[in-house]
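This report describes the sheets, two of the helices and the enclosed space of one protein model. Please keep the sequence and the 3D view at hand while reading.

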Amino acid sequence: MPDFHVLSSPFFAKRRSSFRLVASDMDGTLTWQGEFTPALIQALQDLQTVGIAVVIVTGRSAGWVSGLVQYLPVAGAIAENGGLFFPKSHLDPTLLVDIADLTIHRQQLAQMFETLQAQWPHLQPSGDNRYRLTDWTFDISGLTQPELEEMAQMCDRAGWGFTFSTVQCHIKLAHQSKAAALLQVLTRNFPGITPNEVVTVGDSPNDESLFDPAAFPHSVGVANIKHYWQILQHQPVYVTDNPESQGFLELSQALMEVRSRRLRED
C-alpha cells in the first residue's frame with residue numbers, strides 16, 4: 001500500500017486551520033455499523049458551532065436524503081452520487097445533472113439494469129431505488145470484484161457510468177460524480193469557500209472523485225478505505241487510524257482543536 005499521511009502528522013496540522021467546509025460521505029464514514037451515534041451528532045453540532053460547515057455527499061436516494069438533511073446539524077446534502085443537492089433551508093432540491101425528462105431517464109436506467117440482470121439474474125433493485133430520480137441502484141451483496149469490473153465495462157460501452165459503495169451499485173450518467181456536484185454546490189451555495197478550503201471525506205470507490213487532487217487537494221479516507229486502496233485511481237491524502245464514524249471523529253476533533261483555539265484568541 002502506498003504511503004499516506006495520518007491526521008496527527010505535522011503535514012495535516014499545518015493545513016487544518018484553513019478548512020471552512022467538510023464534505024463527507026455518509027454510509028461507512030458518518031455511520032458506525034450502519035447507524036448514527038450520539039458522538040457523531042455531537043461532532044456535527046460542534047463543527048457547526050465553530051463555523052465549519054458540513055455537507056453530506058452520499059449515494060443515497062433523493063427521497064431518503066430530503067428528510068435526513070432537515071434533522072441533522074448540516075448545511076445541506078448531495079444525493080445520488082452527485083445528482084441533486086438539498087440545502088438546509090428548504091425541501092426543494094437543485095438538480096445537478098442535465099436530464100431533459102426524468103421519466104424517460106428512469107426508463108433508460110431500467111433498461112440498462114435489465115441488460116445487467118440478463119447476465120446476473122440474481123440482481124435485485126435496492127430497497128430505495130423507487131425513491132430515486134437520477135440513478136438506478138441494486139444490491140452489491142454477493143458480487144465479486146471481477147463481476148463489478150465487468151458491469152462497469154458493460155455500462156461504459158452503453159454510455160452509462162457505474163460505481164459502487166459498501167452498500168449499493170449505481171448506474172448513472174457518465175459525468176455524474178460527487179466531485180462535480182460538490183464543485184457546483186460550492187459555486188452556487190458557498191461562493192466564499194474555495195476547494196482549497198474544503199476537506200473531503202470518504203470510505204469507498206464511489207468517493208473516489210472526492211479524492212482527486214485536481215478537484216480537491218485535501219482529502220481524508222476513514223481507515224476502512226484501505227480495503228479498496230488497490231483499485232482506486234485516486235487515493236486520499238490522509239487516512240484516519242480508526243474506521244467509519246470513529247475515523248470521522250478523529251477528523252472533527254483535529255479541526256475543533258485549532259478552531260477552538262482561534263476563537264479563544266479572538
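The lining of the largest cavity consists, by class, of 1 nonpolar, 8 polar and 4 charged residues. The model is a predicted one. About 80 Å³ of space lies in this largest cavity. The lining has 13 residues, and those closest to the cavity centre are D27, T58, G59, S165 and N206. The count of cavities of 30 Å³ or more comes to 1.

Strands of a sheet pair through backbone hydrogen bonds, in either a parallel or an antiparallel way. One open sheet here has 8 strands with mixed pairing, in the order β5-β4-β3-β2-β1-β9-β10-β11. The edges are β5 (94–95) and β11 (238–239); each has a single partner strand, so one side of each is left without a neighbour in the sheet. Another open sheet has 3 strands in the order β6-β8-β7, with antiparallel pairing. Its edge strands, β6 (136–139) and β7 (160–164), each pair on one side only. Neighbouring strands of this sheet are turned by 20° against each other on average, direction ignored.

Two antiparallel strand pairs are set out below.

| Strand pair | Bridges | One bridge pair |
|---|---|---|
| β3 (residues 76–79) and β4 (residues 84–87) | 4 bridges | A77 and F86 |
| β6 and β8 (residues 168–173) | 4 bridges | D139 and Q168 |

Which strands does helix α3 lie across? Helix α3 (residues 62–71) lies across β2 (53–57), β3 and β4, and runs at about 20° to β4. Helix α5 (residues 145–157) lies across β6, β7 and β8, running at about 160° to β7.

Conventions: Residues numbered from 1 in each chain as written. Predicted model: local features only at pLDDT ≥ 70, side-chain atom pairs only at ≥ 80, totals over all residues. Heavy atoms only, no water. Pairing = 2+ DSSP bridges. Helix = DSSP H or I, 4+ residues; strand = E, 2+ residues; numbered from the N terminus. Contact = heavy atoms within 4.5 Å. Axes fitted to C-alpha atoms, helices over the stretch in contact; angles between N-to-C directions. 1 Å grid on protein atoms, 1.4 Å probe; cavity = no way out; pocket = protein on both sides within 12 Å on 5 of 7 lines; lining within 4 Å. Points joined across faces, edges and corners; volume = space filled by probe spheres on them. Nonpolar A, V, L, I, M, F, W, Y, C, P; charged D, E, K, R; others polar.
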